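The following exercises concern the interior of a protein and the spaces within it. Please examine the sequence and the structure before reading each solution.

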Amino acid sequence: MILGTVIKGVGGLYKVRLDQEYEGEKYVNVRGRGSFRYEKTLLLAGDRVELEYVSAGEFFCKRILERKNSLIRPPLANLDYIFVVISSKKPTPSLFIVDKLISIAEYNKIEPVIVISKSDLDSQYSEEIYKIYKNSGFEVFITSSAANEGVEPLLGFLKDITSNSESICAFAGASGAGKSTLMNTLFPDLTLQTG
């Protein structure tokens with residue numbers, strides 16, 4: 001049995017990280033079973049899947065293992081943590097969106113973590129947001145990728161929560177909040193497109 005976790009999906013083709021290397025490969029590209037389309041079953045990033053080897057590096061998803069949770073937007077499954085990114089300024093921060101994401105996360109038994117980005121643009125408002133969510137009992141980080149501030153504590157937290165397990169984490173937030181820039185700062189090998 002070949003098992004893995006979906007880490008990316010684009011246009012019906014999915015990238016899966018295998019639990020164990022198969023013929024020297026740790027990551028493989030996979031298509032879903034034809035019946036998935038008929039059954040309107042979508043593979044989501046985070047899904048645990050059983051694969052079947054077809055030939056020469058070709059695999060297809062035979063079965064999706066039971067999900068512990070799933071989100072429609074962003075379309076993800078089996079999350080342990082969701083990092084809710086909110087900008088201190090540009091775009092104008094919406095605490096309503098943050099609260100909505102926190103509510104969805106908690107309903108689905110996902111641990112929300114608040115990340116205030118672009119603190120260099122408005123440090124005073126960053127502190128106000130920090131106090132609101134910290135006093136509500138959430139883990140909160142203030143960061144500035146431009147000034148390279150607050151990134152090390154966030155990276156340390158990420159390493160702590162993923163070091164002993166296969167925790168699945170995601171970053172979510174409004175468009176322009178600085179998610180890709182933050183991810184590039186945390187993980188320089190990603191080279192995600194920003195702006």
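**Exercise 1: Helix α5 and its neighbours**

The buried residues of α5 pack against β8, β9, α4 and β11. The model is a predicted one.

Task: Identify which residues of α5 are buried.

Solution. Step one is to apply the criterion: a residue counts as buried when its relative accessible area is under 20%. In α5, this selects Leu-182, Met-183, Asn-184 and Leu-186. Step two is to place one of them in a wider setting: Met-183 belongs to a core of 17 residues, which also includes Val-151, Leu-154 and Leu-155. This core is separate from the largest nonpolar core, treated next.

**Exercise 2: The largest nonpolar core**

Task: Determine which residues have the most contacts inside the largest nonpolar core, and which elements supply at least two of its residues.

Solution. First, the core comprises 20 residues, and those with the most contacts inside it are Leu-79, Ile-82, Val-98, Ile-114 and Tyr-133. Second, at least two core residues come from each of β8 (81–87), α2 (95–107), β9 (111–117), α3 (123–134) and β11 (169–173). Of these contributions, the largest share is that of α2, with 4 residues. Third, Ile-114 may be followed outward: leaving aside residues up to four places away in sequence, Ile-114 touches Val-84, Ile-86, Val-98, Ile-102, Tyr-133, Phe-138, Glu-139, Val-140 and Phe-141. As a general background, nonpolar side chains in soluble globular proteins tend to be buried together.

**Exercise 3: The largest pocket**

Task: Describe the lining of the largest pocket by position, element and class.

Solution. Begin with extent: the largest pocket holds about 2000 Å³ of space. Its lining consists of 49 residues, and Ile-7, Leu-76, Cys-169, Ala-170 and Phe-171 lie nearest the centre. Next, assign the lining to elements: β1 (2–10), β2 (13–22), β7 (76–77), α2, α4 (151–163), β11 and α5 (179–186) each provide at least two residues. The greatest contribution, 6 residues, is made by β1. Finally, sort by class: 30 lining residues are nonpolar, 10 are polar and 9 are charged.

**Exercise 4: The enclosed cavity**

Task: State how many cavities of 30 Å³ or more the whole structure contains, and which residues line the largest.

Solution. The search returns 1 such cavity. The volume of the largest cavity is about 30 Å³. Its lining is formed by Leu-71, Arg-73, Pro-74, Ile-82, Leu-101, Ile-104 and Ala-105. The largest share of that lining, 3 residues, belongs to α2. By class, 6 lining residues are nonpolar, none is polar and 1 is charged.

Methods. Residues are numbered from 1 along each chain as its sequence is written. This is a predicted model: local features need pLDDT of at least 70, side-chain atom pairs count only at pLDDT 80 or more; totals for chains, interfaces and linings use all residues. Side-chain values use heavy atoms; hydrogens and water are left out. A nonpolar core is a set of buried Ala, Val, Leu, Ile, Met, Phe, Trp, Tyr and Cys residues joined through side-chain atoms within 4.5 Å. Buried means under 20% relative accessible area, exposed over 50%, partly exposed in between (1.4 Å probe, protein chains only). Contact means heavy atoms within 4.5 Å. On a 1 Å grid over the protein atoms alone, a cavity is a set of points where a 1.4 Å probe fits but cannot get out, and a pocket is an open set with protein on both sides within 12 Å along at least five of seven lines; lining residues have an atom within 4 Å of a point. Grid points are joined across faces, edges and corners, and a volume is the space filled by probe spheres set on the points. Ala, Val, Leu, Ile, Met, Phe, Trp, Tyr, Cys and Pro count as nonpolar, Asp, Glu, Lys and Arg as charged, and the others, Gly among them, as polar.
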